[in-house]
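Here is a short tour for anyone meeting this protein for the first time. Have a look at the sequence and the model, then read on.

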Amino acid sequence: MIKDIEMSIDGMGMAVYSDGCMSGVTEESDFFSSDFAEPSRMAEHIRKGDITGFCTGSGGDFTLKIREGYPDKETDEAYPVSVRLGLEVRGGKVSFIDIYWLMEWSGTAPEEQQIELEDGFYHLTVLTRLPDSGYWGGEQTIYIYFNKLDAMPQLTWKGVPQLFTD
């Protein structure tokens, strides 16, 4: 699976989820305030793998480069800012959204912000670097690698991981 997704976001990060794992969230509810704004509550979701996310440090324009497996050495070295996450996929679909969209939950992301993926558990490796613009969110590239596992990986995040440096 290779797909590039162009996204502009207003929020400080992105959320990644499988529709089938989040089907219990009420349409138009403020999932952000109830479950994402509090770091310990968000960490529970990250460890469970029903929805995950990362802080980009700013809004802006991003290209998500979705790939399978793990990054090769060249990509790993070229994009040194990284986090490891986990995700359960149910229903064969994964969505990528602006974290602020969680303030008014809609179970369906725009089609261009979705990928099809076999059900199961995945290790996500998310990598980036400061873009040539010199500021986070300025035409920034983010690689997201999905590697299928037999079980949900053990994660220790205590909040939303940061995908930027000061």
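## Strand 9 and its neighbours

Let's start with one pair of residues in this predicted model: F62 stands opposite Q140 in strand 9. F62 belongs to strand 4, residues 60-68, which pairs with strand 9 in the parallel sense over seven bridges.

Strand 9 also has a partner in strand 8 (residues 120-128), but here the two run antiparallel, joined by eight bridges. In this pairing, T128 stands opposite I142 in strand 9. As background, strands of a sheet pair through backbone hydrogen bonds, and they can do so in a parallel or an antiparallel way.

So is strand 9 largely enclosed or not? Strand 9 covers residues 140-149, and eight of these ten residues are buried, so the rest of the structure largely encloses it. Buried here means under 20% relative accessible area.

## A four-stranded open sheet

Elsewhere there's an open sheet of four strands, in the order 3-2-6-7, and the pairing is antiparallel. Its edge strands are strand 3 and strand 7 (114-116), each of which pairs on one side only. On average, neighbouring strands in this sheet are turned by 15° against each other, if you ignore direction.

Take a look at the strand 7 end: strand 6 (residues 93-98) runs antiparallel to strand 7, and three bridges join them. V94 stands opposite I115 of strand 7 there.

## The largest pocket

How much space lies in the largest pocket? About 170 Å³. The pocket is lined by 13 residues, and those closest to its centre are F32, F36, A37, I99 and V160.

What kinds of residues make up the lining? Ten are nonpolar, two are polar and one is charged. Helix 1 (31-36) and strand 3 (51-55) each supply at least two residues of that lining, and strand 3 is also an edge strand of the open sheet.

## The whole chain

Stepping back, the protein chain has three helices and nine strands. Following the sequence, you'd read them off as β-β-α-α-β-β-α-β-β-β-β-β.

As for overall dimensions, the C-alpha trace spans about 40 × 35 × 30 Å along its principal axes. The radius of gyration is 15 Å, which agrees with the value near 15 Å that a compact globule of 166 residues would have. Buried residues make up 54% of the 166 residues in the chain.

Terms used
Residues are numbered from 1 along each chain as its sequence is written. This is a predicted model: local features need pLDDT of at least 70, side-chain atom pairs count only at pLDDT 80 or more; totals for chains, interfaces and linings use all residues. Side-chain values use heavy atoms; hydrogens and water are left out. Buried means under 20% relative accessible area, exposed over 50%, partly exposed in between (1.4 Å probe, protein chains only). Two strands pair if DSSP finds at least two bridges between them. On a 1 Å grid over the protein atoms alone, a cavity is a set of points where a 1.4 Å probe fits but cannot get out, and a pocket is an open set with protein on both sides within 12 Å along at least five of seven lines; lining residues have an atom within 4 Å of a point. Grid points are joined across faces, edges and corners, and a volume is the space filled by probe spheres set on the points. Ala, Val, Leu, Ile, Met, Phe, Trp, Tyr, Cys and Pro count as nonpolar, Asp, Glu, Lys and Arg as charged, and the others, Gly among them, as polar. Axes are lines fitted to C-alpha atoms, for helices over the stretch in contact, and angles run from 0 to 180 degrees between N-to-C directions. The radius of gyration is taken over C-alpha atoms; the globule rule is 2.2 Å times the number of residues to the power 0.38.
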